[in-house]
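Welcome! Let us take a friendly walk through a protein structure, one part after another. Please have the view open and turn it as we go.

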Amino acid sequence: MTRRLIVVGGGLAGITAALTAADAGAHVTLLEGRPRLGGATFSFRRDGRWLDNGQHVFLRCCTEYRRLLDRIGSTDKTVLQDRLDVPVLTPWGTTGRLKRTALPSPLHLSAALSRYPFLTLAGRARVGVAALALKRLDLDDPRLDETTFGAWLDRFGVTERERAAMWDLVGVATLNLTAEHASLAMAAKVFRTGLLDTNDGADIGWSRVPLQELHGDAAQRALEDTKAEVRLRARVSALDTLPGGGFTVTADGATLDADAVVLAVPHEDAARLLPAGALILDGRPTDPTALAGLGASPIVNLHVLYDRPVFREEFAAGLASPVQWVFDRSANLGLERGRYLAVSLSAADDEIDRTNHELRERYLPALERLLPATRAARVEEFVVTKERTATFRAAPGTGRLRPYARTAVPGLALAGAWTATGWPATMESAVRSGLAAAQVALPSLDLDPGRVLPTTTPGAFPERTTTP
Ligand SMILES: Cc1cc2nc3c(=O)[nH]c(=O)nc-3n(C[C@H](O)[C@H](O)[C@H](O)COP(=O)(O)OP(=O)(O)OC[C@H]3O[C@@H](n4cnc5c(N)ncnc54)[C@H](O)[C@@H]3O)c2cc1C
């Protein structure tokens with residue numbers, strides 16, 4: 001009889017684990033507590049329009065996430081820049097542009113830096129020296145997780161202004177923390193993989209359709225095509241090990257048996273569901289309550305509908321403005337006359353508890369300063385989406401709180417953007433964690449992961465991991 005894998009959690013991590021295992025021949029049941037797949041990437045209907053819970057972008061270096069898009073038939077629903085090109089807007093009207101050339105790294109950004117109006121000559125030199133030092137860091141050195149990126153930048157005399165104009169511009173959106181709070185290990189990973197190791201790693205991609213269509217709905221079709229069973233509204237309340245091996249999983253009062261389980265839920269939920277003795281951190285069995293140390297960092301998105309065109313770019317970053325990034329999502333809504341802008345605010349500790357009215361009072365004037373055309377436009381709608389626990393908080397010391405996929409219980413694997421993938425909590429991290437979990441779980445089903453995965457999937461086992 002085919003042995004059963006239960007995947008708990010239908011975000012990108014669970015979707016990837018389930019699809020990979022099903023492709024390897026496993027009998028898969030995916031249990032998701034909500035009425036849809038896609039996890040932290042979803043859309044909702046409002047006045048007949050689909051809005052995303054938050055703007056999501058990916059980079060060309062997100063190779064496994066892009067492979068997942070291919071697998072679920074969604075690549076043609078996304079756009080990926082030929083070459084990184086980021087307009088940077090200011091309230092005083094000066095616009096900069098971070099645009100790469102085809103030259104090899106790090107020369108691919110030298111022309112953009114030499115023209116970038118927000119750095120002095122000395123500032124450019126400091127950015128260059130720090131970038132070269134970043135390129136030399138050993139990403140597997142655990143000491144990188146003992147200090148903040150900000151403290152490390154200070155060693156190069158990088159000023160507040162330079163930090164804002166260069167490092168935070170990219171870092172805050174990818175790490176969901178400012179340099180002042182983010183672990184150097186995570187920042188080094190982002191800048192190395194995105195901007196320094198290759199010349200095209202940071203080319204930016206985004207969805208042309210609502211996230212629900214891009215991920216959750218497409219993945220559900222792909223899973224059902226493999227004959228995997230997807231159960232929605234199936235919130236798992238207990239995960240128990242059986243004396244002779246195997247598991248029982250309780251979801252909404254019903255009990256299911258499984259030969260292997262992938263637990264692909266956020267770390268707070270994993271801490272509640274992990275069986276005693278299962279979690280290994282730093283090579284030692286650890287009480288799951290330790291996962292609370294990963295904390296949470298919020299993201300807020302403002303969805304602003306104007307009655308007329310207000311923006312010529314598809315997106316832009318803001319400097320010296322509370323607006324961090326703004327995206328024109330009009331095409332997603334099929335708008336002809338009006339414009340829908342999504343303002344994405346990462347590391348949003350200061351915004352998460354503000355009322356919609358307060359956010360409106362703060363951000364509509366800020367948008368007027370960055371995008372003068374909005375001054376004459378009428379705001380037809382102002383919607384706020386808040387994700388209080390958008391990602392874990394990638395502060396120093398969190399590296400040792402991120403477990404590998406393998407647990408102390410044979411057949412039980414962990415997945416989630418928060419596990420030890422070496423990446424910050426991104427879609428890429430979620431997908432990589434799903435692959436690692438499939439590698440751990442498949443042998444318990446007498447299936448060979450080598451049929452669908454490379455021999456070593458980073459993040460699966462500590463002894464076989466080097467930073468991908
Ligand atoms: C607003 C916002 C903006 C973001 N922007 C970006 C971006 O631009 N680029 C990027 O790469 N990343 C971004 N991220 C991060 C990215 O979305 C996440 O890292 C990734 O989607 C997490 O996937 P996951 O599968 O690990 O977890 P989740 O997506 O959280 O999935 C976990 C799933 O488990 C389910 N679950 C929990 N408990 C149970 C239970 N007991 N039983 C059954 N099911 C359960 C949940 O309902 C959920 O569906 C953003 C996140 C947010 C919130």
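In which sense do strand β12 and β13 pair, and over how many bridges? Strand β12, which covers residues 247-251, pairs with β13 in the antiparallel sense, and 5 bridges hold that pairing. Before we go further, please keep in mind that this is a predicted model. To see one of these pairings up close, find F247: its bridge partner in β13 is A258.

Now step back to take in the sheet around this pair. It is an open sheet of 3 strands, in the order β11-β12-β13, with antiparallel pairing. At its edges stand β11 (236-241) and β13 (254-258); each has a single partner strand, so one side of each is left without a neighbour in the sheet. Going from one strand to the next, the twist averages 20°. As a general point, the strands of a sheet pair through backbone hydrogen bonds, and they can do so in a parallel or an antiparallel way.

For the parallel kind, turn to strand β14, residues 260-263. Strand β1 (residues 4-8) runs parallel to β14, and 4 bridges join the two. Here V7 stands opposite V262 of β14. Strand β22 (residues 412-414) also pairs with β14 in the parallel sense, over 3 bridges. In that pairing, L263 has L414 of β22 as its bridge partner.

What about the two faces of β14: are they covered or open? Both are covered, as A260 and V262 on one side and V261 and L263 on the other are all buried. This back-and-forth arrangement fits a general pattern: in a regular strand, side chains alternate between the two faces of the sheet.

You can look for the alternation again in strand β20, residues 339-345. How many of the residues of β20 are buried? The count is 7 of 7, so the strand is mostly covered. From β20, R339, L341, V343 and L345 point one way, while Y340, A342 and S344 point the other way. Strand β20 has antiparallel pairings too. Strand β17 (residues 297-306) is joined to β20 by 7 bridges, and V304 finds its bridge partner in L341 of β20. Strand β19 (residues 325-328) also runs antiparallel to β20, with 4 bridges between them. There, F327 is matched with A342 as its bridge partner in β20.

Let us leave the strands and move to the helices. How do the axes of helix α1 (residues 12-23) and helix α8 (residues 211-225) cross? They come within 11 Å and cross at roughly 15°. Angles under 35 degrees count as roughly parallel, and that makes α1 roughly parallel to α8. The crossing of α1 past α8 is left-handed. On the α1 side the contact is made by L12, I15, A18 and L19, and on the α8 side by H215, A219, A222 and L223. Sorted by class, this contact has 7 nonpolar residues, 1 polar residue and no charged ones.

Our last stop is a single residue, Q439, which lies in helix α12 (residues 427-441). Is Q439 buried or exposed? Its relative accessible area is 5%, and buried means under 20%, so Q439 is buried. If you want to place it against another part of the chain, look for T78: Q439 and T78 are 361 residues apart in sequence, and from C-alpha to C-alpha they are 28 Å apart in space.

Terms used
Residues are numbered from 1 along each chain as its sequence is written. This is a predicted model: local features need pLDDT of at least 70, side-chain atom pairs count only at pLDDT 80 or more; totals for chains, interfaces and linings use all residues. Side-chain values use heavy atoms; hydrogens and water are left out. Two strands pair if DSSP finds at least two bridges between them. Axes are lines fitted to C-alpha atoms, for helices over the stretch in contact, and angles run from 0 to 180 degrees between N-to-C directions. Angles under 35 degrees count as roughly parallel, over 145 as roughly antiparallel, 65 to 115 as roughly perpendicular and the rest as oblique. A crossing is left-handed if the near helix is turned anticlockwise from the far one by less than a right angle, and right-handed if clockwise. Contact means heavy atoms within 4.5 Å. Ala, Val, Leu, Ile, Met, Phe, Trp, Tyr, Cys and Pro count as nonpolar, Asp, Glu, Lys and Arg as charged, and the others, Gly among them, as polar. Buried means under 20% relative accessible area, exposed over 50%, partly exposed in between (1.4 Å probe, protein chains only).
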